[in-house]
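Welcome, and take a moment to look over the chain below before reading on. This briefing walks through a few of its features, topic by topic.

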Amino acid sequence: MCKKNNIIHIVIYILIVCFYTGCSKKNIEKSEKVYAISKLISMNNTNVLGTVNFQQEDNTLAIVGMLKNLDPKKEYKIMFYEFGDISNKKGKSLGRVYQLPTFNGDNRFNKIQVNQTGHTIYKTNSSDYTLNNKNAIIGRSIVIYEVLKSKTKIVAAGVVGYKNGWHS
């Protein structure tokens, strides 16, 4: 009987603490941050490398990429592709561009500004792509491509995977 009373007191205490601190399931999920990373490898005989970090909080996905060895005289863009298969160095195993029906087509999302040294820090936010629901990019590829007159050339790609915290 004494153990049963102690358990009841503990449960009541936990319920009271949760009530006063607002630790309902909804609040815990809402404040939880989810992190991911992608290490980019060179494709199509280029030397382009980089790392892209992702942080999901609420409905906003923060994307921060550090890229190097880009040609400052060329135009580059960034997109997600359907598959996380980067085994083919020409990008033939990536599938199609992963574009959501709700994607607003804002070119500021995917255009990369390159400095004179060929290095760049790419920063943007997206409310279209996520890390934790049906629109998740986990397991998909992130691709850097050069924009040519009549086509594009993939210069780097990496697979997006979960990460333990926000650090470089």
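The count of salt bridges here comes to 2. Please keep in mind that this is a predicted model. We begin with those two pairs, then turn to the strands and to one residue, Ile41, which lies in strand E1.

**Salt bridges**

- Side chains of opposite charge can pair when their charged atoms come close.
- One of the pairs is Lys33 with Glu57, whose closest N and O atoms are 3.9 Å apart. This pair links distant parts of the chain: Lys33 sits in strand E1 (residues 33-42) and Glu57 in strand E2 (residues 49-57), 24 residues apart.
- How accessible are these two? Lys33 counts as partly exposed at 36% relative accessibility, and Glu57 is partly exposed too, with a relative accessible area of 32%.
- Another salt bridge joins the side chains of Lys74 and Glu146, at 3.7 Å from N to O. Lys74 lies in the loop between strand E3 (60-68) and strand E4 (76-81), while Glu146 belongs to strand E7 (residues 141-147), so the pair ties together parts that are 72 residues apart in sequence.
- Is Glu146 buried or exposed? Glu146 counts as buried because its relative accessibility is 8%, under the 20% cut-off. Its partner Lys74, at 39% relative accessibility, counts as partly exposed.

**Strands E1, E2 and E3**

- E1 and E2 run antiparallel and are joined by 8 bridges. Within this pairing, Lys39 stands opposite Thr51 in E2.
- The hairpin of E1 and E2 has 6 residues between the strands, and Asn44 in this hairpin takes a positive phi near 55°.
- E2 also pairs with E3, again in the antiparallel sense, over 9 bridges. Here the bridge partner of Gln55 is Ala62 in E3.
- The hairpin of E2 and E3 has 2 residues between the strands, and Asp58 in this hairpin takes a positive phi near 55°.
- How much of E2 is covered? E2 is mostly covered, with 7 of its 9 residues buried.

**Strand E4 and its neighbours**

- In a regular strand the side chains alternate between the two faces of the sheet.
- E4 has both faces covered: Tyr76, Ile78 and Phe80 are buried on one side, and Lys77, Met79 and Tyr81 are buried on the other. Counted along the strand, 6 of the 6 residues of E4 are buried.
- Which strands pair with E4? Strand E5 (residues 111-112) does so in the antiparallel sense over 2 bridges, and E7 is joined to E4 by 6 bridges, also running antiparallel.
- Two bridge partners help to place these pairings: Lys77 is matched with Lys111 in E5, and Phe80 is matched with Ile142 in E7.

**A look at Ile41**

- Ile41 lies in strand E1 and counts as partly exposed, at 27% relative accessibility.
- Which residues does Ile41 touch, leaving out those up to four places away in sequence? Its contacts are Val48, Leu49, Ile86, Lys89, Val155, Ala156 and Ala157.
- Ile41 and Val159 are 118 residues apart in sequence, and their C-alpha atoms are 9.6 Å apart in space.

Note on methods: Residues are numbered from 1 along each chain as its sequence is written. This is a predicted model: local features need pLDDT of at least 70, side-chain atom pairs count only at pLDDT 80 or more; totals for chains, interfaces and linings use all residues. Side-chain values use heavy atoms; hydrogens and water are left out. A salt bridge is a side-chain nitrogen of Lys or Arg within 4 Å of a carboxyl oxygen of Asp or Glu. Helices (H or I, at least four residues) and strands (E, at least two) are DSSP runs, numbered from the N terminus. Buried means under 20% relative accessible area, exposed over 50%, partly exposed in between (1.4 Å probe, protein chains only). Contact means heavy atoms within 4.5 Å. Two strands pair if DSSP finds at least two bridges between them.
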